[in-house]
Amino acid sequence: MVWTIIILVGLLLDQVSKLVAQNHLASGGAVSVIGEFFVLEYHVNTGAAWSFLANQTWGIYVLSAISVGACVLFVYWLLKIKDRRVRFCLSLIISGTAGNMIDRIFRGGVIDFLSFRFGQYQFPIFNVADSILVVGIALLLISLLFTDSKRLLQEDRPDGDADADRTGLSTKGRSKEAECEEGTHGVD
């Protein structure tokens, strides 16, 4: 349930911000937020990241199909994986992917409006969905570095014994019931 809320909140933030950008920036005006460093500027990207495939008429269809497939795969992983940190990251990734997928399917391109310039370098314009997606991927990579792969499919245990298996044995080899009776549950 919490994962659905995270996905929906991310989608809402993304889609509302794109509607605001479309209503206030599409006429060609740019709004300076921090001088030339950070500017709100309307752009429709018919390609992928950095306008990859933007000049291909078939590109939007390929990218839409990839987005749908990716969302299905990420939802499958979200349902299979039990580690809460990884599920949080997957929720962000689904939200960002779905936000841009909605644009590709219903608008024919992704609305971008966040523009940053570092001296002479113009960073590619992006949106809230891109930000959510990148944060989700970065956190996922960090989480996977510090998560035992065996733990990914195990339920997080409220008593802190994430390594307890389904037989009821803790990592110490005693049953949970025996630990409770002995009064040693959770004590090393």
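Buried residues account for 37% of the 188 residues in the protein chain. The model is a predicted one, and the values below are computed from it. Its surface comes to about 11400 Å² of exposed area, and 66% of that is supplied by carbon and sulfur atoms. Among the contacts with a separation of 6 or more, 58% link residues 24 or more positions apart.

**Overall layout**

The protein chain holds five helices and four strands. Read from the N terminus, its elements follow the order α-β-β-α-α-β-β-α-α. That order is a handy map to keep beside the 3D view as we look at the sheet, the surface patch and the salt bridges.

**The sheet**

The four strands come together in an open sheet with the order 1-2-3-4, and the pairing is antiparallel. At the edges are strand 1 (31-34) and strand 4 (121-126), each of which pairs on one side only. On average, neighbouring strands of this sheet are turned by 35° against each other, direction ignored. As a reminder, strands of a sheet pair through backbone hydrogen bonds, either parallel or antiparallel.

Let us walk across the sheet from strand 1. Strand 1 is joined to strand 2 (residues 38-45) by three bridges, and the two run antiparallel. Here Val 31 has Leu 40 of strand 2 as its bridge partner. The hairpin made by strand 1 and strand 2 has three residues between the strands, and in this hairpin Gly 35 takes a positive phi near 50°.

Next along, strand 2 and strand 3 are paired in the antiparallel sense over six bridges. Val 39 finds its bridge partner in strand 3, namely Ser 115. Strand 3 (residues 110-118) then pairs with strand 4, again in the antiparallel sense, over four bridges. In this last pairing, Phe 116 stands opposite Phe 123 in strand 4.

A helix also meets this part of the sheet. Helix 4 (residues 128-145) lies across strand 3 and strand 4, and its direction makes an angle of about 75° with strand 3.

**A nonpolar patch on the surface**

Which residues make the nonpolar surface patch of about 620 Å²? They are Val 31, Val 33, Ile 34, Phe 37, Phe 118, Tyr 121 and Phe 123. Strand 1 and strand 4 are the elements that give two or more residues to the nonpolar patch. Strand 1 gives the most, with three residues. These two contributors are also the edge strands of the sheet.

Some members of the patch have already appeared in the strand pairings. Val 31 is the residue bridged to Leu 40 in strand 2, and Phe 123 is the one opposite Phe 116. Phe 118, for its part, has its place in strand 3. With a relative accessibility of 44%, Phe 118 counts as partly exposed.

**Salt bridges**

The structure holds four salt bridges. Three of them are set out here, with the distance between N and O atoms.

| Basic residue | Acidic residue | N to O distance |
|---|---|---|
| Lys 18 | Asp 14 | 2.9 Å |
| Arg 85 | Asp 83 | 3.5 Å |
| Arg 107 | Asp 103 | 2.4 Å |

Lys 18 and Asp 14 are four residues apart in helix 1 (residues 2-25), so about one helical turn separates them. Both of these residues are buried.

Arg 107 and Asp 103 are likewise four residues apart, this time in helix 3 (residues 84-107), so they too are separated by about one helical turn. How accessible are the two partners? Arg 107 is partly exposed, at 30% relative accessibility, whereas Asp 103 is buried, at 0% relative accessibility. Salt bridges with shared partners join Asp 14, Lys 18, Asp 103 and Arg 107 into one network. The network therefore brings together residues of helix 1 and residues of helix 3.

The side chains of Arg 85 and Asp 83 also meet in a salt bridge. Arg 85 is partly exposed, with a relative accessible area of 38%, while Asp 83 is buried, at 0%.

Note on methods. Residues numbered from 1 in each chain as written. Predicted model: local features only at pLDDT ≥ 70, side-chain atom pairs only at ≥ 80, totals over all residues. Heavy atoms only, no water. Pairing = 2+ DSSP bridges. Axes fitted to C-alpha atoms, helices over the stretch in contact; angles between N-to-C directions. Contact = heavy atoms within 4.5 Å. Buried < 20%, exposed > 50% of the residue type's maximum accessible area, 1.4 Å probe, protein only. Areas by Shrake-Rupley, 256 points an atom, 1.4 Å probe, with all protein chains shown as cover. Patch = residues over 30% accessible without salt bridge, like charges linked within 9 Å, V, L, I, M, F, W, Y side chains within 5 Å.
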